[in-house]
Amino acid sequence: MASEALQQLILDTLERQDTIRDTRSLILPNQSEPATSHDSQITILGALNSLLSRDMIKYDSHEIFSYILSPEGAQIAKEGSHEARVWAALPAKGQGAPMTPAQLKKEVGDTTAKIGQGNAFKQKWIVKEGDGLVKAVGSIKDATQLDLQEVELTGDLKSGEKVLADLRKRKLVVQRKGQWFTVHRGVNFSTSIAKLETDLTAEMIASGTWKTSTFKKYNFEAEGIPPAGGALHPLLKVREEIRNIFLEMGFAEMPTSSFVESAFWCFDALFVPQQHPARDLQDTFYISDPVKSLPPEPSYYKRVSTVHEHGGYGSTGYRAPWSHEESSKLLLRTHTTASSTFMLYKLAARCRGEEVEGDENEFTHGAKATTNLGETSANDGFRPAKLFSIDRVFRNETMDATHLAEFHQVEGVVADRGLTLADLIGFMRVFFKKMGIEKVRFKPAYNPYTEPSLEIFAFHPMLNKWVEVGNSGMFRPEMLEPMGFPKDVRVHGWGLSLERPTMIRLAPFNSCISFTKPIFFHLSYGINNIRTLLGHKVSIEGIENSAAVMF
């Protein structure tokens with residue numbers, strides 16, 4: 001209300017005299033003196049800007065410089081200068097014992113005694129008598145106090161710039177920049193203050209009041225408030241970089257939207273024995289409702305159960321009883337190879353002479369994805385394929401600095417005729433080179449569904465040692481041939497994590513990458529807690545400030 005009253009005062013004044021030559025002449029509402037102070041002009045400026053936004057007035061600014069007292073200056077204006085207080089504390093000459101410097105400090109304080117003595121001697125107000133001090137004159141004029149009182153009252157000093165310069169040097173006054181204004185009528189001048197609408201509402205449209213409403217002019221020059229969101233999580237940045245490497249090498253992305261899988265697709269179809277310890281409750285999250293999955297295609301299910309229990313395709317199998325209950329359990333997938341297996345099964349459908357759902361270049365598994373299929377190379381319907389996925393998996397792990405119950409797996413598979421282990425090794429060398437890893441070597445390993453299997457190691461120059469960066473292998477015939485692939489079709493695959501390379505890329509150095517060994521990033525970069533990257537401990541500020549990732 002006070003702002004509106006001031007705006008009305010300005011408009012009424014302009015109505016009477018066309019121009020306000022100096023806003024310091026205005027008397028603000030509820031005030032009795034002209035608005036000469038700095039604070040009053042700041043208040044007037046707010047009202048002027050509000051009227052200017054509606055083109056009701058125009059104004060010109062004029063700068064003015066004034067002075068205010070520092071805390072020490074305000075004390076001197078009230079109590080007198082240091083030299084005056086020293087003079088007042090001393091006895092008159094011949095009318096008492098001279099006051100020693102120690103007594104003077106006790107009387108007026110250390111600062112006043114120190115500064116005041118020198119100035120009092122300079123102005124010949126005091127003299128030394130014996131070991132003490134006495135007054136030299138009967139009366140004094142405290143010019144410093146009088147000057148400061150004038151500055152306090154008017155903001156200026158008639159004595160001139162030389163005296164002001166001395167007061168500034170003694171840090172008793174401070175110069176302050178101010179302003180005052182000349183005001184003119186604007187193109188929309190009126191003495192009536194109508195509140196401008198700032199938004200077009202549904203009620204105004206429905207009632208039709210928008211037709212007669214006056215709207216505030218839109219400021220196209222305003223920058224607005226910077227948005228707080230929009231930052232990509234470092235995991236997404238690394239994921240996109242790895243994804244681009246796959247796409248550059250001619251791969252297509254598999255659909256991986258099925259977080260819940262059956263034990264059949266997660267384990268059985270991969271030729272993982274039903275008695276394998278990884279399938280125990282302490283390693284896998286099982287679903288309690290619903291309890292069972294829908295059954296897979298019966299003939300394929302029969303082939304898989306037979307090769308497990310009795311063997312086939314050149315294998316003796318596991319020679320262990322087959323459990324339909326175990327195969328139908330639902331679980332949170334422990335690896336994205338469950339999706340890879342389903343995609344290979346759909347790819348082999350042509351070899352089995354079965355129809356594939358959807359377009360000939362699409363496979364469905366809860367979502368559609370176009371796969372990178374080669375031309376049919378024989379009359380059996382097989383087409384080569386290069387597929388990859390990067391998505392979340394779940395394991396019943398005890399969470400600590402290097403383990404999470406959910407994380408991301410990077411996986412790729414290549415299916416073609418006559419592939420060999422040398423092809424896999426050659427491909428992996430090219431793939432990791434694109435990720436910045438030059439020195440790579442391989443070590444034989446064991447996986448239930450790949451034979452041969454290889455662990456991939458890279459040399460870390462800062463640690464001067466070889467560290468594990470991934471796992472790979474050729475899928476077993478016991479997995480591929482029940483699907484319907486021809487005997488000469490080979491599939492090799494590999495996997496690595498996403499979180500650990502991200503942790504490395506957030507570090508200050510980018511010379512090499514480790515994906516699996518916690519000791520690597522613990523020793524070289526000091527980043528040893530994966531929970532600060534994924535979960536409730538993630539720093540929002542860290543996400544906003546994280547740099548782009550490039551291999």
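In what order do the three strands of the open sheet lie, and is their pairing parallel or antiparallel? In this predicted model, the strands follow the order β1-β5-β2, and the pairing is antiparallel. The edges of the sheet are formed by β1 and β2, each of which pairs on one side only. Between β2 and β5, which run antiparallel, there are 13 bridges. One of the residues to look for here is Tyr59, whose bridge partner in β5 is Val183.

A good next stop is helix α1, which covers residues 2-17. Its 16 residues reach 23 Å from the first C-alpha to the last, close to the 22 Å expected at 1.5 Å a residue. Six names are worth finding along this helix: Leu6, Gln7, Ile10, Leu11, Thr13 and Leu14 are buried in α1. Seen down the helix axis, the buried residues fall within an arc of 160°, so they line one face of α1. Ala2 and Arg16, on the other side of the helix, are exposed. The cover over the buried residues of α1 includes strands β1 (19-20), β2 (57-69) and β5 (173-185), together with helix α2 (38-52).

Just after α1 comes Asp18, with a positive phi near 65°. This residue sits in the loop between α1 and β1 and is partly exposed, at a relative accessible area of 45%. Most residues other than glycine have a negative phi, and most peptide bonds are trans. Against that background, Asp18 is not a glycine and yet has a positive phi. Arg319, also a residue other than glycine, has a positive phi near 55°. Arg319 is placed in the loop between α12 and α13 (324-327), and its relative accessible area of 58% makes it exposed.

The backbone also holds cis peptide bonds. One joins Asp289 and Pro290, with omega at about 0°; Pro290 belongs to the loop between α11 (263-266) and α12 (298-309). Another cis bond links Glu451 to Pro452, again with omega about 0°, and here the proline lies in strand β15, residues 450-460.

Turning to the charged side chains, the model contains 15 salt bridges. Side chains of opposite charge can pair when their charged atoms come close. Glu253 and Arg243 meet in one such bridge, at 2.7 Å from N to O. The two residues are 10 apart in the chain, with Glu253 in strand β6 (residues 252-253) and Arg243 in helix α10 (residues 234-248). Glu253 is partly exposed, at 22% relative accessible area, and Arg243 is partly exposed with a value of 22%. Both take part in a network of salt bridges that links Arg239, Glu240, Arg243 and Glu253.

Asp391 and Arg333 form a salt bridge of 3.4 Å, N to O. Asp391 lies in strand β12 (residues 385-394) and Arg333 in the loop between β8 (330-332) and α14 (337-348), so this pair ties together parts that are 58 residues apart in sequence. Asp391 is buried, with a relative accessible area of 17%, and Arg333 is buried at 0%.

The side chains of Glu481 and Lys487 meet at 2.9 Å, N to O, in a further salt bridge. Is Glu481 buried or exposed? Its relative accessibility of 16% is under the 20% cut-off, so Glu481 counts as buried. Lys487, in contrast, counts as exposed at 60% relative accessibility.

Key:
Residues numbered from 1 in each chain as written. Predicted model: local features only at pLDDT ≥ 70, side-chain atom pairs only at ≥ 80, totals over all residues. Heavy atoms only, no water. Salt bridge = Lys/Arg side-chain N within 4 Å of Asp/Glu carboxyl O. Helix = DSSP H or I, 4+ residues; strand = E, 2+ residues; numbered from the N terminus. Buried < 20%, exposed > 50% of the residue type's maximum accessible area, 1.4 Å probe, protein only. Expected span 1.5 Å × (residues − 1). Arc of directions from axis to C-beta. Contact = heavy atoms within 4.5 Å. Pairing = 2+ DSSP bridges.
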